[in-house]
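Here are my notes from a first pass, for someone who hasn't met this one before. Have it open next to you and follow the points in order.

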Amino acid sequence: MSFPYGLVATDLDGTLLRSDGSVSQRTRDALTAAAAAGAAHIVVTGRAVPWTRHVLDDLGYDGLAVCGQGAQVYDAGAHRLLTSVTLDRQLAGVALAKIEAEVGPLHLAASRDGLDGEVLVGPGYAVAGPLPAVPFTDASDLWAAPLNKIYIQHPTLGDDELAEAARQAAGGFVSVAMAGAGIVELLPLGLSKATGLSLAARRLGLKATDSIAFGDMPNDIPMFGWASRGVAMANAHEELKAVADEVTSSNEEDGIAAVLEGLLA
């Protein structure tokens with residue numbers, strides 16, 4: 001049987017990457033075999049390019065990557081940013097004010113645009129893992145350069161509650177994505193992983209009907225809606241499992257490889 005998909009789209013954290021940040025040899029082999037059968041692999045991640053580039057380099061990945069929750073299409077082989085969508089800072093300021101009017105003060109971080117865009121982190125904001133970030137204390141620094149997204153955290157609300165409150169208060173100004181533990185993001189209105197993936201696929205002459213997508217968080221829901229088949233990891237958020245065509249084993253147990261091997265058999 002020939003491989004039925006021309007495009008394999010994978011999220012990074014909680015999906016392609018194990019908890020130690022590595023990709024197993026079994027998963028690498030399965031992706032290599034899918035590529036040999038004619039499928040393109042596109043990484044689709046919420047991380048902006050500066051937080052993604054080192055991972056792709058370590059993988060020896062030289063294809064297209066969709067970064068920044070769909071905002072950026074990045075040519076990993078050429079180390080070149082092909083497209084980038086920025087957040088309207090005036091609208092973002094209005095959105096933040098509306099959310100804080102409902103839930104009280106937020107802890108903030110922001111991802112600056114560009115290949116080397118810094119992630120700015122304000123007082124109280126907890127960064128997950130050893131990713132590089134630049135602290136700020138003056139709120140004006142947040143708005144001093146173009147941004148891809150703003151990250152918000154709340155002292156007491158959980159991620160799902162905060163994301164829902166943000167959508168209710170400011171959904172007409174920004175898109176809201178819940179991308180992982182402690183990661184609720186404000187994005188350009190209408191932007192999602194599906195936006196960036198469709199752009200990247202078009203560059204490769206591929207369509208949604210050619211694609212299978214793997215993910216683990218609610219921010220992967222639009223990508224599942226775009227792709228022909230959506231596969232949630234066993235460790236996925238319940239919201240994503242609810243819309244998935246299939247649930248595979250976890251990212252620690254080579255869930256991507258298990259599906260690809262079955263399709264290749």
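1. Start with β9 and β11, which pair antiparallel over 3 bridges. One pair of partners to look up is Ile152 and Val184, the latter sitting in β11. Keep in mind throughout that this is a predicted model.

2. From β11, step across to β10. These two strands are also antiparallel, with 6 bridges between them. They make a hairpin with 2 residues between the strands. Gly182 sits in that turn, and its phi is positive, at about 75°. Next to the turn, Gly180 has Ile183 of β11 as its bridge partner.

3. Now go the other way from β9. Strand β6 (residues 107–112) is joined to β9 (residues 147–153) by 6 bridges, again running antiparallel. Here Ala109 is partnered with Tyr151 of β9.

4. With those pairs in hand, the whole sheet is easier to read. What is the order of its 6 strands? It goes β8-β7-β6-β9-β11-β10, in an open sheet with mixed pairing. The edges are β8 (134–135) and β10 (174–180), each of which has pairing on one side only. As a reminder, strands of a sheet pair through backbone hydrogen bonds, either parallel or antiparallel.

5. Next, look for what lies over the strands. Helix α3 (residues 89–103) lies across β6, β9, β10 and β11 (183–188). Relative to β9, the helix runs at about 10°. β11 itself is mostly covered, with 5 of its 6 residues buried.

6. Gln69 deserves a stop. You'll find Gln69 in the loop between β3 (64–67) and β4 (72–75). Is this loop residue buried or exposed? Gln69 counts as buried because its relative accessibility is 1%, and the cut-off for buried is under 20%. The side chain of Gln69 makes a polar contact of 2.5 Å with the side chain of Glu185. Leaving out neighbours within four places in sequence, Gln69 has contacts that include Lys149, Ala177, Ala179, Leu187 and Asn219.

7. Last, Asp254, which is in the loop between β14 (246–247) and α9 (255–264). Asp254 has a relative accessible area of 14%, so this residue too is classed as buried, the limit being under 20%. What does Asp254 touch, not counting residues up to four places away in sequence? The list is Ser24, Arg26, Thr27 and Ser249.

Notes:
Residues numbered from 1 in each chain as written. Predicted model: local features only at pLDDT ≥ 70, side-chain atom pairs only at ≥ 80, totals over all residues. Heavy atoms only, no water. Pairing = 2+ DSSP bridges. Helix = DSSP H or I, 4+ residues; strand = E, 2+ residues; numbered from the N terminus. Contact = heavy atoms within 4.5 Å. Axes fitted to C-alpha atoms, helices over the stretch in contact; angles between N-to-C directions. Buried < 20%, exposed > 50% of the residue type's maximum accessible area, 1.4 Å probe, protein only. Polar contact = N/O pair within 3.5 Å; in protein donor to acceptor, adjacent residues only side chain to side chain.
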